[in-house]
Amino acid sequence: MTFKHFTLNHIKLDQIGSTNSYLHDLNSNTKQVNGTLVSAKNQILGKGQTGNIWHTEKDKNLTFSVVTYPNIKFKHAFYLNIIASLAVNKTLSDLSISSKIKWPNDILVNQKKIGGILIENQINGETINQSIIGIGLNVNQSIFNSGLNATSILNEGKKIEVEEVLNQIYGYLDFYYNLLIESNIKLLRQHYYTHLFWHNQIGTFKDEHSEFKALVIGITDIGLLELRLLDNSTRYCDLKDVQFIY
Ligand code: BTN
């Protein structure tokens, strides 16, 4: 299989703390080719958004990271989240599983979390010269801690090998990465909005003070969530500012 930008240099690990950290450290020693992929059968210290831990059952799920050198402006960093979310979303849709992207990049199926994305960028001046895209997707795990409100491909009724899902996502990641490199930003945004949870709908949110209702307008170029409040004012939210209540 050939790719537009990626070279499939696949490093398969049995056990690791975090594939993102492993790839970061490896790349600090020896620069890896664009598209180098690290996957682990058992990730024991997976990193999640906002300092959370990403829990995953050994041998059942997908945990991997890909290093890329996009050389895009830092202000366009959010488009890396968009391409990763779309790659997962398209892979699920090929399996007839309809998923939504909860901003910034939680992947939901029937309002349960099936996957998450953690992107760690290295900046040089105003440019992102290295981006490690880490993706966790629940594939064949069937039992989850009830507090997690999680699901998996298996629990959505489909049986598939972890490796097969990985190949699919990797191919789509290369595809969407190409749109980004070609500055096809408008198209990426359109795709993202098609799958954005609560887009053009009124949802319930919570900030540090209270719960409130707002219409989801979209995402700004720097990745802030744009909400229209019921008094018609606009609010731009950072990841730490708001929680979705659903
Ligand atoms: C989240 O939803 O909080 C993001 C979770 C990201 C988890 C993936 S699993 C592979 C990669 N390595 C990590 O340590 N984290 C990401």
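1. Strands here are DSSP runs of type E with at least two residues, numbered from the N terminus. On that basis, aspartate 59 falls in the loop between strand S4 (53-54) and strand S5 (62-68). Aspartate 59 is not a glycine, yet its phi is positive, at about 65°. The model under discussion is predicted, and the backbone values should be read accordingly.

2. A second backbone point concerns a cis peptide bond, which joins tryptophan 103 and proline 104 with omega of about 5°. Proline 104 belongs to the loop that runs between strand S7 (100-102) and strand S8 (106-109).

3. On the helices, the packing of helix H2 (residues 78-94) against helix H4 (residues 185-195) has an angle of about 55°, and the axes are 10 Å apart. Angles between 35 and 65 degrees fall outside the parallel and perpendicular ranges and count as oblique, so H2 is oblique to H4. The crossing of these two helices, H2 and H4, is left-handed. On the H2 side the contact is made by Phe78, Tyr79, Ile82, Ile83, Ser85, Leu86 and Asn89; H4 contributes Ile185, Leu188, Arg189, His191, Tyr192 and His195. By class, the residues of this contact of H2 with H4 are eight nonpolar, four polar and one charged.

4. H2 also packs against helix H3 (residues 162-181), at an angle of about 140° and with 8 Å between the axes. Roughly antiparallel applies over 145 degrees, and H2 and H3 are therefore oblique to each other. The crossing of H2 past H3 is right-handed. From H2 the contact draws on Tyr79, Leu80, Ile83, Ala84, Leu86, Ala87, Val88, Lys90, Thr91 and Asp94. From H3 it takes Val165, Gln168, Ile169, Tyr172, Leu173, Tyr176, Tyr177 and Leu180. The residues of the contact of H2 with H3 comprise 14 nonpolar, two polar and two charged.

5. Tyr79, Ile83 and Leu86 of H2 merit a remark when these lists are read together: they are named in the contact with H4 and also in the contact with H3. The handedness of the two crossings is left-handed for H2 with H4 and right-handed for H2 with H3.

6. At the level of domains, the assignment of the chain gives domain 1 (10-195) and domain 2 (202-245). Their C-alpha centres lie 24 Å apart, and the contact takes 12 residues from domain 1 and 13 residues from domain 2. Between them, domain 1 and domain 2 bury about 1,000 Å², with 68% of it on carbon and sulfur atoms.

How values were computed: Residues numbered from 1 in each chain as written. Predicted model: local features only at pLDDT ≥ 70, side-chain atom pairs only at ≥ 80, totals over all residues. Heavy atoms only, no water. Axes fitted to C-alpha atoms, helices over the stretch in contact; angles between N-to-C directions. Helix = DSSP H or I, 4+ residues; strand = E, 2+ residues; numbered from the N terminus. Parallel < 35°, antiparallel > 145°, perpendicular 65-115°, else oblique. Left-handed = near helix turned anticlockwise from the far one by under 90°. Contact = heavy atoms within 4.5 Å. Nonpolar A, V, L, I, M, F, W, Y, C, P; charged D, E, K, R; others polar. Domains from an automatic or database assignment. Buried area = accessible area lost by both parts, 1.4 Å probe.
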